[in-house]
Amino acid sequence: MDIEDLRTFVEVADAGGVSPAARRMGISKSMVSRRLIRLEGELGIQLLARTTRGAGLTEAGIAFREYAARAYAEIDVARETILPSGDLRGRLRVAVPLTSGPVHFAPVLAEMARQHPQLQIHADYSDRFVDLIADGFDCAIRVGALRDSNLIARRVGHIYGKLVASPDYIRIHGSPETPDQIGIHQALVGAETWRFMDGKNVVTVQPQGRFSTDNGEALASAAAAGLGIAWLPDCVTHKYLESRALVPIMTRYPLPVGGVYVVRPPSPHPARKVRILSELLIESFERNPHL
């Protein structure tokens with residue numbers, strides 16, 4: 001069996017059709033179809049039930065998908081291990097947060113591409129919480145608390161944050177001195193709960209406000225416009241703090257230190273390209289402590 005045929009079958013199975021799989025892999029639909037036909041001919045069984053809406057797995061396809069994915073992953077690791085001079089080949093598909101990714105993580109991905117000219121890097125920037133396995137990602141960079149899952153995570157850095165507001169907002173409305181005073185202020189809501197440190201204890205607050213978004217840059221912009229107070233990481237607010245468009249408030253109750261993680265699907269042997277990305281991110285955080 002051709003290893004690329006196995007990979008193509010897994011991509012089609014996960015993407016739900018030939019067209020989306022072809023887009024993920026960066027090849028033509030006809031090539032995807034030829035690989036599938038060849039694999040089914042090799043096995044002597046139909047793996048996909050093709051319809052006008054896409055392609056669904058047959059019963060045999062459901063059973064074979066896990067084995068095909070595992071076989072391709074193992075061969076991929078073995079192939080990387082014997083490459084000369086540490087070269088990386090193939091493709092790295094990584095999900096990156098939109099809020100901090102273009103400024104803080106894009107340079108690391110660019111450096112990785114420079115060091116490994118045979119490697120294709122496909123970065124998807126979004127604050128949407130993607131399903132790595134279903135959406136076909138090799139890994140994701142995630143910031144903050146991790147959800148419970150069967151994914152494997154490696155911490156690559158720490159992230160710090162502050163409660164901030166604009167000088168105009170403070171002049172008109174004042175600023176909270178303790179977490180229990182946040183309820184009387186307009187909060188710019190990006191998370192359902194805000195957490196603060198009171199000594200060694202964590203205090204949780206549920207903010208209320210008329211402006212909410214899942215994008216940190218949008219929250220910082222709204223805070224600079226005087227719309228309310230915001231709970232944000234320093235990597236988003238540092239330029240606003242430098243210009244004094246925003247100032248820290250309620251500093252007696254700092255935000256808990258968060259983590260930056262590279263998460264990947266479970267596998268006994270992580271792909272070397274994921275390991276190298278993790279190491280480059282660790283180096284970046286060590287060189288740039290303001291992150």
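In this predicted model, strand 9 (residues 194–198) and strand 10 (residues 201–205) pair in the antiparallel sense, and five bridges hold the pairing. Trp194 stands opposite Val205 of strand 10. The two strands form a hairpin with two residues between them. In this hairpin, Gly199 takes a positive phi near 70°.

A second part of the model is an open sheet of five strands. The strand order is 4-3-5-14-6, and the pairing is mixed. Strand 4 (119–125) and strand 6 (152–159) stand at the edges. Each has a single partner strand, so one side of each is left without a neighbour in the sheet. On average, neighbouring strands of this sheet are turned by 20° against each other, direction ignored. Strand 6 is joined to strand 14 (residues 258–264) by seven bridges, and these two strands run antiparallel. Within this pairing, Arg154 stands opposite Val262 of strand 14.

Helices pack on this sheet. Helix 5 (residues 101–115) touches strand 3 (90–96), strand 4, strand 5 (139–143) and strand 14. The direction of helix 5 makes about 170° with that of strand 4. Helix 10 (residues 272–287) also packs on the sheet. Helix 10 touches strand 3, strand 4, strand 5, strand 6 and strand 14. Its direction makes about 15° with that of strand 6.

Helix 2 (residues 18–25) packs with helix 3 (residues 29–43) at an angle of about 110°. Their axes lie 9 Å apart. Angles of 65 to 115 degrees count as roughly perpendicular, and helix 2 and helix 3 are therefore roughly perpendicular to each other. Helix 2 contributes Val18, Ser19, Ala22 and Met25 to the contact. Helix 3 contributes Lys29, Val32, Ser33, Arg35 and Leu36. By type, the residues of this contact divide into five nonpolar, two polar and two charged.

Which residues of helix 2 are buried? They are Val18, Ala21, Ala22, Arg24 and Met25. These residues cover an arc of only 160° around the axis, which puts them on the same side of helix 2. An α-helix has 3.6 residues a turn, so residues three or four places apart point the same way. The buried residues of helix 2 pack against helix 1 (3–15), helix 3, strand 3, strand 4 and helix 6 (132–135). Gly26 follows helix 2, and its phi is positive, near 75°.

Terms used. Residues numbered from 1 in each chain as written. Predicted model: local features only at pLDDT ≥ 70, side-chain atom pairs only at ≥ 80, totals over all residues. Heavy atoms only, no water. Axes fitted to C-alpha atoms, helices over the stretch in contact; angles between N-to-C directions. Helix = DSSP H or I, 4+ residues; strand = E, 2+ residues; numbered from the N terminus. Parallel < 35°, antiparallel > 145°, perpendicular 65-115°, else oblique. Contact = heavy atoms within 4.5 Å. Nonpolar A, V, L, I, M, F, W, Y, C, P; charged D, E, K, R; others polar. Pairing = 2+ DSSP bridges. Buried < 20%, exposed > 50% of the residue type's maximum accessible area, 1.4 Å probe, protein only. Arc of directions from axis to C-beta.
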